[in-house]
Amino acid sequence: MSRPPTLTLPPCARAYRLDTARGAFAVHDARPAAAPLGTALLVPGFTGSKEDFLALLAPLAAAGFRAVAVDGRGQHETPGPRDQQAYEQRELALDVQAQARALRESGGGPLHLLGHSLGGLITRAAVLCDPAPFRSLTVLSSGPAAIDPAQQARVRMLIGALGTMDMARVWEAMRALDPPEAADPDVPREIAAFLRRRWLNTVPEQLIATGRQMLAEPDRVAELARAGLPVHVVSGTVDYAWPVPLMDDMARRLAARRTVIEGAEHSPNAERPQKTAEALAGFWSEFG
């Protein structure tokens, strides 16, 4: 679970609902002082939300890019139905396509797509539906296929719990399963409260359906390579969901840019936002 270092929206950004042909989505939209060099659509991961990108917004805007972080359907402040079929990967990919169309209509230069973790699988599916709206794809801490077997047992346990328990009880059970080293006494009270609130706001059927996607995702790297879109594979030096060597190999198969953020693990966007923003802006600047 990504943990944002701050909940403060920077002065360059505002929160609102982005209206699209597939409904309205809660977003944080950060804009540079001058005309943007391009627009980045930032798609969060499993159990995540737009807040996971809060620390990226100001540095990306300072680099000249409009950055729009979104809650997907059923995530945190974007509502969604209590129906697992609504969260099939193709449905979520079509949501990304609709978000991209809405952003392109509002201007802002070339549109760059980024997906973190599960969001990397969803954005890949969106590109494979139609790459035309996008100038590039960045895959952040996401791999070529299903998550690492060591993590699959935890996700299966979570899916099972969500089928029998309410969200509050599942949250408490998850915390009880965390190892002692996961308890961080330095986490501000407001961040801890936000993580619980975000969890309770998320539709359980969204978590069940997307969790199953992470367990069964096929390797679609060859398909993505044929799409012909410039790709950037970014990760920390350690990753528990997709081992770093898998991401190295995926980048090689895609002939993609590869960046490893020192000092980061599964969430470089939250753990090392300045270095991550520099890497992202450097890549996007090549495709203005």
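This section describes the sheet of a predicted model, the helices that pack on it, and selected loop residues.

The sheet is open and comprises 8 strands in the order β1-β2-β4-β3-β5-β6-β7-β8, with mixed pairing. The strands β1 (13-20) and β8 stand at the edges, and each has a single partner strand, so one side of each is left without a neighbour in the sheet. On average, neighbouring strands are turned by 25 degrees against each other when direction is ignored. Strands of a sheet pair through backbone hydrogen bonds, in either a parallel or an antiparallel arrangement. At one edge, the antiparallel pairing of β1 with β2 (residues 23-30) extends over 8 bridges, and A13 has A30 as its bridge partner in β2.

Two helices that pack on this sheet are considered next. Helix α2 (residues 89-105) touches β1, β2, β3 (38-43), β4 (65-70) and β5 (111-116), and its direction makes about 110 degrees with that of β1. Helix α11 also packs on the sheet, in contact with β3, β4, β5, β6 (136-140), β7 and β8; the angle between its direction and that of β6 is about 155 degrees. Helix α11 spans residues 273-284, and its 12 residues reach 16 Å from the first C-alpha to the last, close to the 16 Å expected at 1.5 Å a residue. The buried residues of α11 are P273, T276, A277, A279, L280, A281, F283 and W284.

Strand β3 is largely enclosed by the rest of the structure, because 6 of its 6 residues are buried. In a regular strand, side chains alternate between the two faces of the sheet. Both faces of β3 are covered, with G38, A40 and L42 buried on one side and T39, L41 and V43 buried on the other. Strand β3 pairs with β4 in the parallel sense over 5 bridges, and G38 stands opposite F65 of β4. The connection from β3 to β4 passes through helix α1 (residues 54-62), forming a right-handed β-α-β crossover. Pairing between β3 and β5 is likewise parallel, over 5 bridges, with L42 placed opposite L114 of β5.

At the β8 edge, strand β7 (residues 231-236) and strand β8 (residues 257-261) pair in the parallel sense through 5 bridges. Within this pair, R257 of β8 is the bridge partner of H232. Together with helix α9 (residues 244-254), β7 and β8 make a right-handed β-α-β unit. The loop between α9 and β8 contains A255, a residue with a positive phi of about 50 degrees although it is not a glycine. A255 is exposed, with a relative accessible area of 72%.

A positive phi, near 60 degrees, is also found at S117, another residue other than glycine. S117 belongs to the loop between β5 and α3 (118-129), where it is buried, with a relative accessible area of 6%.

The loop between β4 and α2 includes T78 and Q85. T78 is buried at a relative accessible area of 2%, whereas Q85 is exposed at 54%. A polar atom of the T78 side chain lies 2.9 Å from the backbone oxygen of D71. Apart from neighbours within four places in sequence, T78 is in contact with R17, A24, F25, A26, D71, G72 and R73. Q85 and A146 are 61 residues apart along the chain, and their C-alpha atoms are separated by 20 Å.

In the loop between β2 and β3, A33 is exposed, with a relative accessible area of 92%. A33 and F65 lie 32 residues apart in sequence, with a C-alpha to C-alpha separation of 9.6 Å in space.

R220 is placed in the loop between α7 (204-216) and α8 (221-227). The side chains of R220 and E223 are joined by a polar contact of 3.1 Å. When residues up to four places away in sequence are not counted, R220 touches Q89, R124, A125, L128 and P144.

How values were computed:
Residues are numbered from 1 along each chain as its sequence is written. This is a predicted model: local features need pLDDT of at least 70, side-chain atom pairs count only at pLDDT 80 or more; totals for chains, interfaces and linings use all residues. Side-chain values use heavy atoms; hydrogens and water are left out. Two strands pair if DSSP finds at least two bridges between them. Helices (H or I, at least four residues) and strands (E, at least two) are DSSP runs, numbered from the N terminus. A crossover is right-handed if, with the strands pointing away from the viewer, the path from the first strand over the helix to the second runs clockwise. The expected span of a helix is 1.5 Å times one less than its number of residues. Buried means under 20% relative accessible area, exposed over 50%, partly exposed in between (1.4 Å probe, protein chains only). A polar contact is a pair of N or O atoms within 3.5 Å; within protein, one must be able to donate a hydrogen and the other to accept it, and residues adjacent in sequence count only if both atoms are side-chain atoms. Contact means heavy atoms within 4.5 Å. Axes are lines fitted to C-alpha atoms, for helices over the stretch in contact, and angles run from 0 to 180 degrees between N-to-C directions.
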